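Trainee: Could we go through some charged pairs together? I would like to learn how the labels are given.

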Protein chains: 2
Amino acid sequence: MNKPKHHVFVCSSSRITGQQRGYCVKNDSVEIIQRFMMGIEEEDLTGDVMVTNTGCLGICDKGPIVIIYPEGVWYGSVSPDDVAEIIQSHLVGGKVVESLKI
Amino acid sequence: MNKPKHHVFVCSSSRITGQQRGYCVKNDSVEIIQRFMMGIEEEDLTGDVMVTNTGCLGICDKGPIVIIYPEGVWYGSVSPDDVAEIIQSHLVGGKVVESLKI
């Protein structure tokens, strides 16, 4: 299989009980995921970048949380409007967005 | 914040629409997640290893899927009975379980 160069994880507050409830989903994380998916397609990064929603990442007070592996960069208090910058700076340019890093 | 040395992602078939439906959850992925959580506590790896459930990882025919970052190792067709070996070999011993790797 072709592994992604960057794997973007976004908390969607999905519990293993099947519920979806928590800080991130209440603060537009589904919109964040959708913007990543659209932006990655627009930038022709499909194949290089994968986006996956997750359950709770344990630091809800710093949410919404986005993690990019294998770099292991954690972004916090991410809003849908920040997604374009993360894509351009981090995923296209290879430069971490310091203002959002936690 | 203290980042985990290993971040284990397990597909729980959690959709961003709030539904939980798919191959992995039908094939005991919630039990896989729970065994990772219990095993990590038993091995005193809490803090070093984080376990997070995810939405679909795109290769359902190879599920249930477990990914460990930052290594970027993907495991497929994982059963709850495989979890102890992944913990012992990979997370404790640093040795990838080749028989499950995809």
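Mentor: Let us talk about salt bridges and exposure here. This is a predicted model, where local features need pLDDT of at least 70, side-chain atom pairs count only at pLDDT 80 or more, and totals for chains, interfaces and linings use all residues. Residues are numbered from 1 along each chain as its sequence is written, chains are lettered from A and ligands numbered from 1 in the order in which they are written, and side-chain values use heavy atoms, with hydrogens and water left out.

Trainee: What makes D48(A) and K5(A) a salt bridge?

Mentor: The term asks for a side-chain nitrogen of Lys or Arg within 4 Å of a carboxyl oxygen of Asp or Glu. For D48(A) and K5(A) the N to O distance is 3.7 Å, so the pair meets that definition.

Trainee: Which parts does the pair D48(A) and K5(A) tie together?

Mentor: D48(A) is in the loop between helix 2 (29–42) and strand 2 (49–54) of chain A, and K5(A) is in the segment before strand 1 (6–11), so the pair ties together parts 43 residues apart in sequence. Helices (H or I, at least four residues) and strands (E, at least two) are DSSP runs, numbered from the N terminus.

Trainee: Why is K5(A) called exposed?

Mentor: Exposed means over 50% relative accessible area, buried under 20%, and partly exposed in between (1.4 Å probe, protein chains only). K5(A) has 54%, so it counts as exposed. D48(A), at 30%, is therefore partly exposed.

Trainee: How many salt bridges are there over all chains?

Mentor: Six.
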